[in-house]
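Biologist: Could you walk me through one part of this model up close, at an easy pace? I'd like the arrangement first and then how it ties in with the rest.

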Amino acid sequence: MNDKPSEVSKRIADELAACGVRLVASLPDNWLTGVIDAVDRDDRFVHIPVNREESAIGLCSGAYMGAMGCAALMGASGFMTVIYAITKINYTYEIPLFLLLTLRGGVGDHHKHHASNSLYLRPVLDAINMPYQIIGEPGDISAISRCYRHTRTFSRPMAVVFTRDLLRGGRA
Amino acid sequence: MNYLDCFRALARRRTDQLVVTSAGNSSQAWWAATHDTEASFYLDASMGLSTMFASGLALARPELKIWAFMGDGAFCMNPGMLMVERQMNLPNLTHFLVSNRVYGATSNGAVLGRGAEARATALRRTGTEIPLRTLHRSSNRLRCLRISAVIRSLGS
């Protein structure tokens, strides 16, 4: 793990831009701040900080209907609040949605209050049959493009889930 | 003028706008007033997301005019949406807040605090201009319709 977090954030931003993502809706997570800052500074994106995660789901879904590439950044806790919106909007109308999440509660997370995400994030993703790809190494960042295309090919949501090691660098 | 007549009146003023409706009565009323399937999207759920959906669409397609309807019940679910809308400042988005003070699609259960106070406070705090225009203010016994805030006035 030699890549600095700033380099990782830049590579994630580059990968999103290469997908054709233009709109990025976000809510902060400590691990994601570098990515959010990189997106915010980058003229290739329209970055919209939103009031809550559900708003990001609505915003990205509408942008897709207008033919604008889009992605939503949020923490694992935020994702746990949007299940109904995803199942009602994106599953019902088959609107693709690309989410970038954090693997809170995973190995290396030293915040005890993420115990619930440790227990339930992946089971919840599985419960709604939502595909996800965990990215823990800089060399795997290119998977973002493949996952994004998957959402468009199958008209479904998909999440990329970043580990702490990737976003913060090194081993905790 | 009753609830449906108000939507019919709005439909008559519509020119080339795309319409996004919300969960609840606004979807049913807009459908009843227009039977439009080509330029209206009946979002239905989640409550409180119709204008976010419409904002994404308006951002993506600045050459189009977008109308979004939302009831006061849905508004209470996500009042912070106004902060996002103000930040995005989309000139092609019109947000209609329909205030009948009940959850009309669910047996007219009363909206929290009757909606008005919380709504007015949220609008003031976000600095949104309210009300730019009151299009109609009248009531019948249960299905009164008051469009008490129009984020962007019609035709602007």
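The walk-through below covers the sheet of chain A and then the side of chain A that touches chain B.

Modeller: Sure, but keep in mind that this is a predicted model, where local features need pLDDT of at least 70, side-chain atom pairs count only at pLDDT 80 or more, and totals for chains, interfaces and linings use all residues. Residues are numbered from 1 along each chain as its sequence is written, with chains lettered from A and ligands numbered from 1 in the order in which they are written.

In chain A, six strands line up as an open sheet in the order S2-S1-S3-S4-S6-S5, and the pairing is parallel. (Strands are DSSP runs of E, at least two residues, and helices are runs of H or I, at least four, numbered from the N terminus; a pair takes at least two bridges.) At the edges you'll find S2 (46-49) and S5 (132-135) of chain A, each with pairing on one side only. Ignoring direction, neighbouring strands here are turned by 20 degrees against each other on average, using axes fitted to C-alpha atoms and angles from 0 to 180 degrees between N-to-C directions.

Zoom in on S4 (residues 97-102) and S6 (residues 157-162) of chain A: they run parallel, joined by six bridges. Along that pairing, A:Phe98 sits opposite A:Met158 of S6(A).

Now back to the edge strand S2 of chain A. Together with helix H3 (53-65) and helix H5 (83-91) of chain A, S2 is one of the elements that give two or more residues to the side touching chain B. H3(A) gives the most, with ten residues. Overall, the contact (C-beta atoms, placed from the backbone, within 7 Å) draws 23 residues from chain A and 18 from chain B.

Conventions
Contact = placed C-beta atoms within 7 Å.
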